[in-house]
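Colleague: Please take a close look at one helix of this model and its surroundings, and explain each term for a first-year student. Afterwards, kindly set that part beside other features of the chain.

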Amino acid sequence: MDFRPFWDVLADLGIRLPDAARLKKRQADSSPDAPPVEKKQPSNPPVPPRPEIKLRGRANPGSPQMEGPLELFDMLRQLMGETSRQGQGQGQPPLSDRNWLPPDQTQTVAGHEIPGMVYVGDHLFSLRSYNQVEPSLIRPNLKVANFKPPRPSQDQTSYACPFLSYSEFTALERGAYLHWLASGRRTPEVDWNFVWLFFYGLERRVFYDYLCDFRAFQQDVAKQAELSQIMAEVEDLQQFYGDRPSFPTILQTKFTQFLLLGRLLQHPHPSLLADDPDPLQMPLPHLLVALGEKMASGEAIAPDWAFAWYTRLSSNRLKGSVSRCPDEFQTLFQLRYNKKHPKGWTVKPSIAPLVIPYYAASPSFGGAVQLPFQHLADATRLLHLIREIGKIIGSCTEAIEPLTRFLARNPDSRYAPTAIALLPPELLPTHGGELMQRFQECLDFYFEDEDTEANVLYGNELLDYWPGTNPDRLTKSEAEGLSKFLERLGFGIEPDVRFGGAAPKATSRLMLFRLPEAHPAQLAPEYATATLMAHLAIATASGTQPPNAIEQAAIFDQLNHFADWHPAERTRLQAYYHLLLEEKPTLKGLKSRVEALAPEQRDAIAPWLITIAAADGQLTPKEIQQIEKVYTLLGRDPKTLYSDIHAISTNTLKTNR
């Protein structure tokens, strides 16, 4: 078995043994008999200022945290007790620049003519720890085997990016990698590890070398042109390799992130990024910069930008049910946002500067790179403004909730009348569709005159505009939807199934009436009792004939003073009362409503009906016959009717005296 010489192994690791002649001279100089020699102090270059870039993350355990490549090199030089072989004279460029091979230059390594955009040299340390070498550094002193065709690319789409290093490649892998670089980096069959390793170097160049002194970079025309070349190279690599099935998904993602942030370094103003950007679609870094620019310039925040601010930049999330009707929700938010901020919302910038992180693929970084935009404010820090947007979001969520619940049960009924009825009032003009348009024509016909408060129409007329599953009548749920829909338009209907009325039929008479702008969501408990009393009174007064004017006035007066009505409740009660007068109701179909009354309520209604029937000064036999039927319906003994009539007559005489 053949063994490699020990010094070859050390050379592969980048370690050189001390020169024997140099050690012998050093020992002679240190002997007691040797004359004193004046030691020459090495001239160290001045330490550059601390870079603006910050690396989050810790170095290897037991190793000091990295501050910058020159500081690390000085530290290592002190530990080794010797000066740098590369000669860091005054005025020489930084170490990274001296190892960086520009795009327009080439360098021969192991017989391969390597084009630019790579790091080449023996001394360039990892950004993570001083005792590690930069992974992408091509070290000419390492062995390179004769080129052999690279193995076919493997499917790495399900794996995270590999932690590679040129120094840890085998000699055969180095030869294949150098051949890939020398052939233009565009060979159809490629080991994806080579693409990763090349990309590591571009990450270091853009997100470390440039950001160490970002102000100087902005004024350096040559480096800005170089950045454009790097961006073009990454775009070409993405286009050339991106359509291959085995192209790693994580590498595709890193390319995209690299290009997004690289463009921000090229053009920090979002106006240069797109003519009319959509904040809901633009990348998050661009959205952060754009919002910072809007705040800095005093530009009002439009509704779509505020919506993106809340949904994409905060930890708050929309309820999952909103996803069933996203267009309706966003439109409602825009309407309510503009109502609250009719002149636009100008936001005062925060004092926290904007910092955008980039999580590099290269293991050299060891953490997130912070891209500073000191002139812009960080929109994610303005929590009180996010809460203000959240209040509008919450009101919209609550308003759209009935529709989302309906669509969860009936996903194919988005444009059904019941679904349209559940829309918030603000959305009816925009999302009501043809149904809304036709129904509005109906209302305009019956309420053409602004002074018209109520109007009677037959059920078949209404069903032409609000069709149900049955052409002759509406179901209870369909009738409830109609009532809610009318309320959103500012109208009411009687009878209303929500308050004990029957569902509309084709043969029914219906009363449509205008509602006051402010109306309660729920009616008073006394309302159902009052409508039943009105029904019983009109059915009994004047026997089988409509009540006369005196009896009508008595009924109307008693109902108005039955409770402390809200104006909307009083309007609805009057509409119901006039509808009863129009159709002269009977006592049929009231059993369930009567049974819902408390015993004391039944006992109070019976004598009240006698008072209404006798309001005109007489009780006819037909009136008494109708009241007997009501007594039976109320569960009272009809024989007590005459004693009740006598008691009421006696009390009336005493009152008149």
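Modeller: The account below begins with the chain as a whole, turns to the chosen helix, and then moves to other parts.

The model is predicted, so local features need pLDDT of at least 70 and side-chain atom pairs count only at pLDDT 80 or more, while totals for chains, interfaces and linings use all residues. Residues are numbered from 1 along each chain as its sequence is written, and side-chain values use heavy atoms, with hydrogens and water left out.

The secondary structure of the chain comes to 25 helices and nine strands; helices (H or I, at least four residues) and strands (E, at least two) are DSSP runs, numbered from the N terminus. Of its 657 residues, 44% count as buried. Buried means under 20% relative accessible area, exposed means over 50%, and partly exposed lies in between (1.4 Å probe, protein chains only).

The part chosen for the close look is helix 18, which spans residues 476–488. Helix 16 (residues 433–446) packs against helix 18 at an angle of about 70°, with their axes 12 Å apart. Axes are lines fitted to C-alpha atoms, for helices over the stretch in contact, and angles run from 0 to 180 degrees between N-to-C directions. Helix 16 is therefore roughly perpendicular to helix 18; angles under 35 degrees count as roughly parallel, over 145 as roughly antiparallel, 65 to 115 as roughly perpendicular and the rest as oblique. Where the two helices meet, helix 16 contributes Met436, Phe439 and Leu443, and helix 18 contributes Leu482, Phe485 and Leu486. Such meetings are contacts, that is, heavy atoms within 4.5 Å.

Phe485 also takes part in a ring pair. A search of the whole structure finds 32 aromatic pairs. One of them joins Trp466 and Phe485, whose ring centres are 4.9 Å apart and whose planes stand at 35°, so the pair is tilted. Rings of Phe, Tyr and Trp (its six-membered ring) pair if their centres lie within 6.5 Å; planes under 30 degrees apart count as stacked, over 60 as edge-to-face and the rest as tilted. Trp466 lies in the loop between helix 17 (459–465) and helix 18, and Phe485 in helix 18, so the pair ties together parts that are 19 residues apart in sequence. Both partners are buried: Trp466 has a relative accessible area of 1%, and Phe485 is at 0%.

Helix 18 also holds Ser483, which is buried at a relative accessible area of 4%. Leaving aside residues up to four places away in sequence, Ser483 touches Ile493, Asp496 and Arg498. In the stretch of chain that follows helix 18, the peptide bond from Glu494 to Pro495 is cis, with omega near 0°. Pro495 lies in the loop between strand 8 (491–494) and strand 9 (509–514). Most residues other than glycine have a negative phi, and most peptide bonds are trans.

The chain also contains positive phi values. Ala110, in the loop between strand 2 (106–109) and strand 3 (112–115), has a positive phi of about 55° although it is not a glycine. Met117 has a phi near 75°; Met117 lies in the loop between strand 3 and strand 4 (118–119) and counts as buried at 7% relative accessibility.

Another helix pair may be set beside the one described above. Helix 9 (residues 249–266) and helix 10 (residues 284–297) pack at an angle of about 25°, with their axes 9 Å apart. These two helices are therefore roughly parallel to each other. Leu260, Leu261 and Leu264 of helix 9 meet Pro285, His286 and Val289 of helix 10.

Aromatic rings appear elsewhere as well. Ring pairs link Trp192, Phe199, Phe207, Phe240, Tyr241, Phe247, Phe255, Phe258 and Tyr358 into a cluster. Charged groups also meet rings: the charged end of Arg174 sits over the ring of Tyr166, 5.8 Å from its centre, and that of Arg204 sits over the ring of Tyr119, 5.8 Å from its centre. A charge sits over a ring if NZ of Lys or CZ of Arg is within 6 Å of the ring centre and within 35 degrees of the ring normal.
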